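Biologist: Got a minute to go through this model with me? I'd like to begin with a loop and then move to some helix packing.

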Amino acid sequence: MTPTQPSRRRFLQSAGGAAIAGLSTPLLAGCGNGKDNSAARNEAVKLPAYAPRYALKPDLPVLTNGTPGALFEYPARPKKLYDAPPAKGGTISVLKMIDNGPPVPMAKNHYWQELNKRLGGQLQLSNVSTPDYTAKLATTIASGDLPDIVQLPTSVPHLADVLAKEFQELTHWLSGDAIKNYVGLPAMSTTSWKNVVFNGGIWGIPWQLGLPASILEIRQDLVEEKGLTTALSNGQDFLNLCAALTNPRKNTWAVGTTDTAMNIVREMVGVPNTWKEHDGQFTSMYETDEFKRALSIASSIWKKGYIYPDSLTSTAGISQWFGSGKVAMSAGGYTNWSLYITANTPLNPKFKIGGLIPAKWDGGGQAAHWSGNGMYTFTAIKKSSKARTEELLRVLDWFAAPFGSEEYTFRRYGVPGRDYVLKDGQPSVSNQGTNEVQNMNIGYVCTCPLLLYVPGQTQSTKAEYDFLKQLMSVTVSDPTVGLYSETQLTKGATISKNITDLQNAIIVGHQKLSAWDEGVKAWRSGGGDDIRHDYETAYKKLHK
């Protein structure tokens with residue numbers, strides 16, 4: 001995984017954090033003129049064929065269980081895959097997120113100017129910080145004056161209607177083998193494409209996230225320093241590890257946050273991945289005995305003092321605590337592995353990361369890992385002519401150029417010798433590259449599936465690959481991926497926040513465990529039962 005700012009990945013790992021969760025206000029009030037978004041029509045859609053094209057051969061292969069391939073050294077002469085610029089002149093307007101400070105303006109940005117030349121058109125970017133994106137997106141859609149390309153979260157209320165009214169259906173160009181007319185887009189996973197099927201068609205390009213999703217990383221150097229092991233046979237092993245890594249007198253704790261505790265414990269006790277489906281009936285994870293048990297265990301971990309006590313109030317972040325050794329465990333996106341190493345090894349050469357494989361709490365083997373839904377946001381194209389749609393699809397395909405290609409390398413690092421240099425076989429970004437290239441976050445337009453890659457760290461790259469290979473050998477998926485619930489879009493964020501707040505209050509002792517039952521009732525009456533009904537209805541139409 002190529003390096004980028006840790007702040008970006010902390011946002012991405014939530015995939016619905018503060019900025020996106022705020023998209024709960026309807027963007028098109030009373031909109032009902034969309035196409036039929038029935039499950040039966042969506043099921044009939046032929047998803048794009050999976051036919052990845054590689055610019056290089058990974059040192060470790062992509063696995064069918066969802067483990068990404070791995071690369072040990074970046075190519076000195078990346079392979080060029082496109083014969084001509086994808087655009088035919090004119091301007092290409094884009095609305096997208098940005099994580100860092102604003103990039104150098106185009107008039108003074110040599111990279112941006114070169115990017116325009118390679119695209120064959122003038123890229124007009126409206127870069128909006130992630131916390132402000134909700135408001136800007138709502139205003140833009142309400143105005144009816146959309147740019148050519150828009151980054152969209154799936155949490156937009158009435159999304160199916162918004163797409164039908166404002167955006168271009170892409171089924172004709174992407175369905176089945178039609179996707180093979182492109183270079184980068186066929187590498188998107190089948191799971192990720194399920195997220196962009198609405199109104200009986202395909203309506204965008206997924207910003208793909210790897211299926212390993214959130215994992216539990218641990219400071220392996222601290223574990224080895226104390227002569228401990230991360231091999232777990234049961235829940236008591238985990239508690240013993242927590243105890244050995246906690247020493248308040250030395251300002252160190254095993255677990256960073258209550259969320260970290262819940263992430264590992266809920267897998268160990270067998271909580272379903274968000275929802276459980278049986279014979280077409282759906283049960284929320286909140287309603288299960290397993291979730292209540294996980295909550296009780298997490299509360300005991302807090303009482304034992306294994307969780308950093310200031311984690312709910314401190315203004316610092318988990319990446320800072322994890323890097324400094326204040327906490328030994330961090331739950332988050334698997335891409336953090338490379339980011340942590342890149343950020344911390346220059347200051348601490350002994351810094352080393354490992355992964356924790358969940359064991360069943362009561363013993364009996366490896367617990368199932370929660371696999372992800374395969375997507376963060378997606379990119380949609382404004383309604384336009386056939387020729388314009390095809391031009392914009394070529395542009396998005398160019399942005400999705402395969403990992404390690406000449407096009408990807410330029411998009412990711414800029415111009416060699418100016419924005420970056422290969423140092424010991426690895427890209428080293430200059431200050432100019434940071435200001436002009438990195439701060440553009442241009443990958444939010446569209447990007448390719450990534451390989452595991454820790455620059456200059458072959459053993460660390462292999463260690464992550466081996467960890468994910470084992471972790472992904474036993475997984476449980478969310479059965480609602482690809483199912484549509486309007487209630488989830490309009491009410492889900494609010495009721496989820498309420499019950500999560502109660503969860504944390506119980507863990508830290510501000511509420512008793514007995515309060516959970518009433519909290520679940522409130523969640524159900526506030527919209528949970530309606531969400532369940534939406535999913536069950538959609539599921540039944542798919543499985544007639």
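Modeller: Sure. This is a predicted model. Ser-371 sits in the loop between strand S13 (369-370) and strand S14 (375-381).

Biologist: Is Ser-371 buried or exposed?

Modeller: Buried. Its relative accessibility is 14%, and the cut-off for buried is under 20%.

Biologist: What is Ser-371 in contact with, leaving aside neighbours within four places in sequence?

Modeller: Leu-211, Ala-213 and Asn-273, for a start. Then Met-472, Thr-475, Val-476 and Ser-477.

Biologist: New topic. At what angle do the axes of H11 and H12 cross?

Modeller: Roughly 135 degrees, for H11 (residues 258-268) and H12 (residues 289-303). The axes come within 9 Å. That angle makes H11 oblique to H12. The crossing is right-handed.

Biologist: Which residues meet there?

Modeller: From H11: Thr-258, Ala-261, Met-262, Val-265 and Arg-266. From H12: Phe-291, Ala-294, Leu-295, Ile-297, Ala-298, Ile-301 and Trp-302. By class, that contact has ten nonpolar residues, one polar and one charged.

Biologist: Which residues of H12 are buried?

Modeller: Phe-291, Ala-294, Leu-295, Ile-297, Ala-298, Ser-299, Ile-301 and Trp-302.

Biologist: And what do the buried residues of H12 pack against?

Modeller: H11, plus helix H10 (235-244), helix H19 (486-507) and helix H20 (515-542).

Biologist: How far does H12 reach from its first C-alpha to its last?

Modeller: 21 Å over 15 residues. That is close to the 21 Å expected at 1.5 Å a residue.

Biologist: What phi does Gly-305 take, just after H12?

Modeller: A positive one, about 85 degrees.

Terms used: Residues are numbered from 1 along each chain as its sequence is written. This is a predicted model: local features need pLDDT of at least 70, side-chain atom pairs count only at pLDDT 80 or more; totals for chains, interfaces and linings use all residues. Side-chain values use heavy atoms; hydrogens and water are left out. Axes are lines fitted to C-alpha atoms, for helices over the stretch in contact, and angles run from 0 to 180 degrees between N-to-C directions. Helices (H or I, at least four residues) and strands (E, at least two) are DSSP runs, numbered from the N terminus. Angles under 35 degrees count as roughly parallel, over 145 as roughly antiparallel, 65 to 115 as roughly perpendicular and the rest as oblique. A crossing is left-handed if the near helix is turned anticlockwise from the far one by less than a right angle, and right-handed if clockwise. Contact means heavy atoms within 4.5 Å. Ala, Val, Leu, Ile, Met, Phe, Trp, Tyr, Cys and Pro count as nonpolar, Asp, Glu, Lys and Arg as charged, and the others, Gly among them, as polar. The expected span of a helix is 1.5 Å times one less than its number of residues. Buried means under 20% relative accessible area, exposed over 50%, partly exposed in between (1.4 Å probe, protein chains only).
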